[in-house]
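Got the viewer ready? Let's take a walk through this model one selection at a time, and you can click along as we go.

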Amino acid sequence: AAEAAAWLKEQMAYLRTSRPTAVNLFNAMDALTKVVETAAGAGGDAAAVLEAYIAAAEAMLEEDVRSNRAIGECGADAILEAAKRAGRGDAAMRVLTICNT
């Protein structure tokens, strides 16, 4: 379990270097590090540590997709409403999004 935890932490430390300003990435790595440490400290084997990590990462992915879809739906509604108020309800438009996290 300790070797699996150490390997996962090493991989997550490397992943952090890929986008040093990515707040969400750092938050996810912090949460996953806690999951790994808890699983390793629970007395299980390496497989248990890896399974805990995978389950937590998959749950994060599901929540990320769910929240991004909700953001997109709210944003689309707001853009369409603003276009209608501006008298451009039927006009084609382009939207540029920028991720700062």
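## Where the third helix leaves off

Start by selecting Gly87, which comes after helix 3 and has a positive phi, near 80°. One thing to keep in mind as you look around: this is a predicted model.

**Stop 1: helix 3 from end to end**

Now select residues 46-85, the 40 residues of helix 3. How far apart are its end C-alpha atoms? Put your distance tool on them and you should get 58 Å. That agrees with expectation, because at 1.5 Å a residue a helix of 40 residues should span 58 Å.

Next, colour Val49, Ala56 and Ala83, which are buried residues in helix 3. What do the buried residues of helix 3 pack against? Bring up helix 1 (2-16) and helix 2 (23-41), and you have the two partners.

**Stop 2: the nonpolar core**

Stay with those helices and select Leu8, Met12, Met29, Leu32, Val36 and Val49. In the largest nonpolar core, which has 13 residues, these are the ones that touch the most other members. Helix 1, helix 2 and helix 3 each put in at least two residues, and helix 2 gives the most, with six. As background, nonpolar side chains in soluble globular proteins tend to be buried together.

Zoom in on Val36 for a closer look. Leaving aside neighbours within four places in sequence, which residues is Val36 in contact with? Show Ala5, Leu8, Met12, Val49 and Tyr53 around Val36, and you have the set.

Then click on Thr33, also a helix 2 residue. Is Thr33 buried or exposed? Its relative accessibility is 18%, so Thr33 counts as buried, since the cut-off for buried is under 20%. Not counting residues up to four places away in sequence, Thr33 touches Lys9 and Met12. Keep Lys9 on screen for the next stop.

**Stop 3: the salt bridges**

How many salt bridges does a search of the whole structure find? The count is four, and we'll visit some of them.

Select Lys9 together with Glu37: their side chains meet in a salt bridge, with 3.1 Å from N to O. This pair links distant parts of the chain, as Lys9 sits in helix 1 and Glu37 in helix 2, 28 residues apart. Lys9 has 33% relative accessibility, so it counts as partly exposed. Glu37 is partly exposed as well, with a relative accessible area of 41%.

Now hop over to helix 3 and pick Glu63 and Arg66. They form a salt bridge whose closest N and O atoms are 3.0 Å apart. Both lie in helix 3, three residues apart, which is about one turn of the helix. Colour by accessibility here: Glu63 is partly exposed at 40%, whereas Arg66 is exposed, with a relative accessible area of 51%.

Slide along to Glu81 and Arg85 for another salt bridge, with the closest N and O atoms 3.8 Å apart. These two also belong to helix 3, and they are four residues apart, about one turn of the helix. Glu81 is partly exposed, at 39% relative accessible area, while Arg85 counts as exposed at 64%.

**Stop 4: a nonpolar patch on the surface**

Switch on the surface and select Ile79, Leu80, Met93 and Val95. Together they make a nonpolar surface patch of about 320 Å². Ile79 comes from helix 3 and has 32% relative accessibility, so it counts as partly exposed.

**Stop 5: two long distances**

Let's finish with your distance tool. Select Ile54, a helix 3 residue that is partly exposed at 43% relative accessibility. How far apart in space are Ile54 and Arg94? From C-alpha to C-alpha they are 37 Å apart, with their positions 40 residues apart in sequence.

For the last pair, click Glu73, which lies in helix 3 and counts as exposed at 53% relative accessibility. Draw a line from Glu73 to Ala48: the two are 25 residues apart in sequence and 38 Å apart in space, C-alpha to C-alpha.

Key: Residues are numbered from 1 along each chain as its sequence is written. This is a predicted model: local features need pLDDT of at least 70, side-chain atom pairs count only at pLDDT 80 or more; totals for chains, interfaces and linings use all residues. Side-chain values use heavy atoms; hydrogens and water are left out. The expected span of a helix is 1.5 Å times one less than its number of residues. Buried means under 20% relative accessible area, exposed over 50%, partly exposed in between (1.4 Å probe, protein chains only). Contact means heavy atoms within 4.5 Å. Patches are made of residues with over 30% relative accessible area and no salt bridge: like charges are joined within 9 Å, nonpolar side chains (Val, Leu, Ile, Met, Phe, Trp, Tyr) within 5 Å. Accessible areas come from the Shrake-Rupley method with a 1.4 Å probe; for residues, only the protein chains shown count as cover. A nonpolar core is a set of buried Ala, Val, Leu, Ile, Met, Phe, Trp, Tyr and Cys residues joined through side-chain atoms within 4.5 Å.
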